[in-house]
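Biologist: Before we discuss this model, I would like each label in it to be justified, with the value set against the rule that it has to meet. Could you take me through the reasoning step by step?

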Amino acid sequence: MSEQIAVSTRSTGEENGSGTRDVKQIHHWIAGKLVAGTSGRSGTVFNPATGERTGEVAFASAEEVDDAIAAAHAAFPEWRALSLARRAELFFRIRELLNEHRQELAQILTAEHGKVLSDALGEVARGLEVVEFACGIPSLLKGEFSEQVSTGVDVYSIRQPLGVVAGITPFNFPAMVPMWMWAPALACGNCFILKPSEKDPSASLLVAELLQKAGVPDGVFSVVMGDKVAVDRLLEHPDVAAVSFVGSTPIARSIYETGTRSGKRVQALGGAKNHMVVLPDADIDMAADAAVSAAYGSAGERCMAISVCVAVGDVADPLIDAITERIPKVQIGPGLEPGSEMGPLITREHRDKVASYIDRGRAQGAKVVADGRDIELDGDGFFLGASLLDDVTPEMDCYRDEIFGPVLSVVRARTYDEAVQLVNDNPYGNGTAIFTRDGGVARQFQFDVNTGMVGINVPIPVPVAYYSFGGWKASLFGDSHAYGPDSIHFYTRGKVVTSRWPDPATSRVDLGFPQTR
Ligand code: NAD
C-alpha cells in the first residue's frame with residue numbers, strides 16, 4: 001500500500017457551515033511549495049462523471065509566472081552541475097515514487113478528466129516509460145570524440161542544457177504528456193515550468209510533491225496554473241529558452257509563431273484526424289475490435305484516436321455490421337465504477353459540441369448508424385455514447401473537423417490509392433493505420449503515407465519511449481518530436497571542443513590560419 005501524500009490541494013471539499021460543500025482550491029507550485037493565486041482570476045474544475053464542480057484553480061498573473069521563472073533561473077547553475085551519476089540515481093527514485101503512487105495519480109485523473117480508471121492507469125504507465133527512458137541519461141548524453149584530427153589535436157562534442165524551459169499541456173493526458181516533457185528536460189539538466197490544462201490541473205501538483213520528495217531541488221520544477229496570460233508570459237520572458245506545447249492546432253501554430261519570434265526553441269504538437277484504412281483482405285473481426293477500441297477509448301479524446309475508418313471496396317458493409325454489433329456492448333459509466341469502459345467527456349460544452357456533429361453529419365448526407373445521444377444514464381455527467389456515421393465524404397464537417405469525441409466516421413473508398421489519397425490530402429498528419437493481411441501492401445502504405453506515425457494492424461501506434469512521438473503537417477510545428485532521442489536533442493544544445501595539448505618541446509609561433517596537420 002503506498003503512503004498517501006496529504007496536502008490541502010487534494011482535499012475533496014469540506015462542509016462550510018452553510019450546508020454546501022467548499023470546492024478545493026488548486027494553487028500553483030513555485031520554488032518548492034504551494035502558492036495561493038493572487039490574480040483574482042480562476043477557473044472551475046468539474047467531475048465530468050457527475051457534472052459537479054469540484055475545484056477552483058488559480059490563474060497565474062504575469063508576476064506569478066515571473067516568480068516561477070526567477071526560481072528556476074536561480075536553481076539552474078547548481079542543477080546543471082549535478083553529476084550524471086546523481087541525476088540518474090534521482091531519476092530512479094522519481095520512477096519508484098511515481099510507481100508507488102500510480103493508483104493515487106490515476107484516481108486524480110479519473111476524478112478530473114473522467115477517463116475510466118484502467119485507462120488512467122494506462123496513461124500513468126505510458127508516462128512512466130518516459131521517466132524510465134530518462135533514467136538512462138548518462139548514456140543518452142554521450143558525445144562524440146575524434147582523436148588526432150590534426151597532429152596533437154582532438155575534437156569532441158558535448159550537449160549542454162538550455163536553462164529554463166516550459167511545457168504547456170492539454171487536458172486529455174494530464175499526467176503522461178507533462179512526463180513526455182519534464183522527464184527528458186530535467187534529465188538533461190534544465191529547470192522546468194509546467195503550465196498544465198486548467199481543466200484537470202491536480203495531477204501536476206501530486207507530481208510536483210513527488211519530485212520534491214525524490215530530491216529534486218526547489219525551483220527546478222514549478223507548476224503555474226492558468227490560461228493565455230500565463231502562456232503569453234512564458235512565451236515572451238527572455239529567461240525561458242524553450243517551449244514545448246501539446247494541444248489543438250490553432251493554439252499550437254500560434255505558440256510556435258510567437259515563441260520562435262522571440263527567439264525561443266519551440267516544438268508545438270497539434271490536433272489530429274487519424275484514418276484507419278481497412279483493406280478487403282483484412283480480418284473483419286480484428287479490424288472492428290481495433291476500430292471500436294481506438295475510436296471510443298477515452299471517449300475519443302485522444303490525439304491518436306481513430307476518427308475516420310476508410311473502408312476499401314466491399315469490406316464496408318461487413319465492417320460496419322461488425323462495428324455496429326460491438327457498440328451496444330461498450331460499457332459507459334463513471335470512471336471509478338468497476339466495469340466502465342468509456343467515461344464522460346471533459347465538459348458539458350465539449351460534449352454538446354461533439355454531439356452536434358451527429359445532426360450536422362445527417363444534414364450533410366451521412367447515415368447515422370449509431371447515435372450516442374440515445375444512451376440512458378442517471379445523473380448530470382457529461383456522457384455521450386459511441387456514435388457511428390456511414391457514407392461520410394471529405395466535404396462534411398464531421399470529416400473536416402477534429403471532433404475529439406466518440407464519433408467515428410466511415411468513408412467508403414473504391415481502391416487502395418483512393419484511401420491513401422484521403423490520408424495524404426488531410427491537413428493533419430499525426431497517425432494512421434492499415435489493416436490488411438498483405439505484407440507487401442502494408443509496406444507500400446508505410447512508404448506512401450504522409451503522417452508521423454503509422455500502425456500496421458495496430459490502431460493506435462504510439463511509439464515506445466525510446467522512439468520519438470510526433471506528427472507531420474498541421475499536427476506538429478517545429479522540427480523535434482516529443483520524448484525519445486528527439487527530446488534529448490531538443491532540450492540540449494551542442495558544443496564542439498577542439499583541443500591541443502602540445503608538447504612544449506615542439507611549440508613555435510605560427511601566424512598562419514590553423515591548418516589540419
Ligand atoms: P487546447 O489547445 O485548448 O489547450 C492546450 C493548452 O493550451 C492548455 O494548457 C490551455 O490552457 C492552453 N491554451 C488554450 N488556449 C490558449 C490560448 N489562446 N493561448 C495560449 N494558451 C492557450 O487543447 P486541449 O483542448 O486542452 O487539448 C485537446 C487538443 O490537444 C486536441 O486538439 C488534441 O488533438 C491535442 N493533442 C495533441 C497531441 C499530440 O501529441 N499531437 C496530444 C494530446 C492532445
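Modeller: Two strands are said to pair if DSSP finds at least two bridges between them. Please keep in mind throughout that this is a predicted model.

Biologist: How do you know that β4 and strand β5 pair?

Modeller: Between β4 and β5 (residues 52-58) there are six bridges, in the antiparallel sense, and because the rule asks for at least two bridges, the two strands count as a pair. As one position in this pairing, Ser42 has Ala58 in β5 as its bridge partner.

Biologist: What makes β1 and β4 edge strands?

Modeller: They belong to an open sheet of three strands, in the order β1-β5-β4 and with mixed pairing, and both β1 (24-26) and β4 (42-47) pair on one side only. From one strand to the next, the twist of this sheet averages 30°. Helix α3 (residues 102-113) lies across β1 and β4, and runs at about 105° to β4.

Biologist: How do you know that β6 and β7 pair, and what lies between them?

Modeller: Strand β6 (residues 145-150) and strand β7 (residues 153-161) are joined by three bridges in the antiparallel sense, and as the rule asks for at least two, they count as a pair. The two strands form a hairpin with two residues between them, and Gly152 in the turn has a positive phi of about 75°. Ser150 stands opposite Val153 in β7.

Biologist: Which strand is joined to β7 by nine bridges?

Modeller: That strand is β23 (residues 492-500), which runs antiparallel to β7, and one of the facing positions is Gln160, opposite Arg493 in β23.

Biologist: What makes β15 and β20 the edge strands of the sheet of seven strands?

Modeller: The order in this open sheet is β15-β16-β17-β14-β13-β19-β20, with mixed pairing, and β15 (367-370) and β20 (453-456) each pair on one side only. Neighbouring strands here are turned by 20° against each other on average, direction ignored. Strand β19 (residues 431-435) and β20 run parallel and are joined by four bridges, with Ile434 standing opposite Ile456 in β20. Helix α12 (residues 348-363) packs on the sheet, where it touches β15, β16 (387-390) and β17 (407-413), and its direction makes about 25° with that of β16.

Biologist: Why is the contact between Lys228 and Asp232 called a salt bridge?

Modeller: The closest N and O atoms of Lys228 and Asp232 are 2.8 Å apart, and because a salt bridge requires a Lys or Arg side-chain nitrogen within 4 Å of a carboxyl oxygen of Asp or Glu, the pair qualifies. Both residues lie in helix α8 (residues 228-236), four residues apart, about one turn of the helix.

Biologist: Why is Lys228 called exposed, and why is Asp232 called partly exposed?

Modeller: Lys228 has a relative accessibility of 59%, and exposed means over 50%, so the label fits. Asp232 stands at 30%, and because buried means under 20% and partly exposed lies in between, its label fits as well.

Biologist: What makes the salt bridge of Arg412 and Asp317 a link between distant parts of the sequence?

Modeller: The closest N and O atoms of Arg412 and Asp317 are 2.9 Å apart. Arg412 lies in strand β17 and Asp317 in helix α11 (residues 316-326), so the salt bridge ties together parts that are 95 residues apart in sequence. Arg412, at 33% relative accessible area, is partly exposed, and Asp317, at 46%, is also partly exposed.

Biologist: How do you know that Arg348 and Asp380 form a salt bridge?

Modeller: Their side chains meet at 3.6 Å, N to O, which is within the 4 Å limit, and therefore the pair qualifies. Arg348 lies in helix α12 and Asp380 in the loop between β15 and β16, so the pair ties together parts that are 32 residues apart in sequence. Arg348 counts as partly exposed at 28%, and so does Asp380 at 46%. Elsewhere, salt bridges that share partners join Asp317, Asp390, Asp391 and Arg412 into one network.

Biologist: Why can Val464 belong to a nonpolar patch on the surface?

Modeller: Val464 has a relative accessible area of 34%, and because patches are made of residues with over 30%, it passes that cut-off. Val464 is found in the loop between β20 and β21 (472-473), and together with Tyr466 and Tyr467 it forms a patch of about 350 Å² of accessible area.

Definitions and conventions: Residues numbered from 1 in each chain as written. Predicted model: local features only at pLDDT ≥ 70, side-chain atom pairs only at ≥ 80, totals over all residues. Heavy atoms only, no water. Axes fitted to C-alpha atoms, helices over the stretch in contact; angles between N-to-C directions. Contact = heavy atoms within 4.5 Å. Patch = residues over 30% accessible without salt bridge, like charges linked within 9 Å, V, L, I, M, F, W, Y side chains within 5 Å. Areas by Shrake-Rupley, 256 points an atom, 1.4 Å probe, with all protein chains shown as cover. Buried < 20%, exposed > 50% of the residue type's maximum accessible area, 1.4 Å probe, protein only.
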